[in-house]
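Please open the model in a viewer and keep the selection panel at hand. The stops below proceed from strand pairing to helices and then to pockets.

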Amino acid sequence: MPRLPHLPGSRLGRDDLTLTAEQARPFFERRVWVHEKVDGISITVKKNALGELEAGVKSEWRGALGGAVHRAVNLWVRLNEDALGPQVADGSQLYGEWLWHRLVIPYRLPAPVFFHGKRDRRGALRPMPSAAPGLHVPRPVFMGRLGPGAFAALSRRSQWSPGTAEGVVVCFEAAECVRWAKWVRSDYRQPAP
């Protein structure tokens with residue numbers, strides 16, 4: 001996914017984006033949907049210049065495990081072209097999390113990739129259609145207006161791990177697109193690729 005800014009109170013990494021209190025205000029004033037933030041590697045699936053499906057990962061992850069992570073993601077894309085192709089046929093890009101390689105949190109997952117969003121051909125961010133056949137789109141853990149302490153409460157227990165969640169991703173529909181931001185637990189430590 002595109003870089004998501006952190007909401008106030010989130011644990012920040014070395015070059016993370018953060019929202020001011022004023023910029024974060026709509027996330028507390030509007031009806032939002034909240035997903036568990038999973039401990040994975042962000043991927044983008046799109047058609048390349050030759051019209052073939054490919055996956056991209058952040059540059060710092062391309063060489064992880066001698067390039068094996070990036071090769072595994074692209075192999076998964078090739079094996080799932082029938083499900084992915086219709087989602088990007090119009091020039092859209094899909095955003096998801098690669099979870100097959102474990103980072104910090106051990107999960108029992110229904111799929112090696114969770115899809116969260118889509119950038120349409122005009123460049124607008126959209127939620128991933130929940131009825132994308134053959135692709136896993138996790139259901140929100142909460143929908144409504146957030147109250148004080150909501151992030152910690154929503155991260156108290158992971159849906160796919162016996163421990164706590166890494167954090168949450170909060171979304172709402174704006175005029176022309178979807179806005180996303182994240183909140184990460186203070187004790188979570190992102191591993192180096």
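Select R119 and L125 to begin: L125 in β6 is the bridge partner of R119. Strand β5 (residues 113-119) and β6 pair in the antiparallel sense over three bridges. Here two strands count as paired if DSSP finds at least two bridges between them. Strands are DSSP runs of E with at least two residues, helices are runs of H or I with at least four, and both are numbered from the N terminus.

This is a predicted model, in which local features need pLDDT of at least 70 and side-chain atom pairs count only at pLDDT 80 or more, while totals for chains, interfaces and linings use all residues. Residues are numbered from 1 along each chain as its sequence is written, and side-chain values use heavy atoms, with hydrogens and water left out.

**The sheet**

Widen the selection to the open sheet, whose five strands follow the order β3-β2-β4-β5-β6 with antiparallel pairing. Its edge strands, β3 (53-57) and β6 (125-127), each pair on one side only. Neighbouring strands of this sheet are turned by 30° against each other on average, direction ignored; axes are lines fitted to C-alpha atoms, for helices over the stretch in contact, and angles run from 0 to 180 degrees between N-to-C directions.

Next, select β2. Five of its seven residues are buried, where buried means under 20% relative accessible area, exposed over 50%, and partly exposed in between (1.4 Å probe, protein chains only). β2 pairs with β4 over five bridges in the antiparallel sense; I41 has W98 in β4 as its bridge partner. β2 also pairs with β3 over five antiparallel bridges, and I43 has V57 in β3 as its bridge partner. Between β2 and β3 lie the five residues of a hairpin connection, where G51 in the turn has a positive phi of about 85°.

**Helices and a loop**

Show helix α3 (residues 68-79), which lies across β2 (41-47), β3, β4 (93-98) and β5 and runs at about 150° to β3. In the loop between α2 (59-62) and α3, select L65. L65 has a positive phi of about 55° although it is not a glycine. Is L65 buried or exposed? L65 counts as exposed because its relative accessibility is 61%.

Move to helix α4 (residues 81-88), where A83, L84, G85, Q87 and V88 are buried. The buried residues of α4 pack against β2, β3, α3, β4 and β5, contact meaning heavy atoms within 4.5 Å.

**Pockets**

Finally, display the pockets. On a 1 Å grid over the protein atoms alone, a pocket is an open set of points with protein on both sides within 12 Å along at least five of seven lines, and lining residues have an atom within 4 Å of a point. The largest pocket holds about 870 Å³ of space, a volume being the space filled by probe spheres set on the points. Of its 33 lining residues, D16, K58, E60, K182 and Q190 lie nearest the centre. β1 (32-37), β2, α2 and β9 (178-184) each supply at least two residues of this lining.

For the second largest pocket, of about 200 Å³, select the lining residues, among them W33, H35, F115, H116 and R139. β1 and β5 are the elements that give two or more residues to this lining.

Conventions
On a 1 Å grid over the protein atoms alone, a cavity is a set of points where a 1.4 Å probe fits but cannot get out, and a pocket is an open set with protein on both sides within 12 Å along at least five of seven lines; lining residues have an atom within 4 Å of a point.
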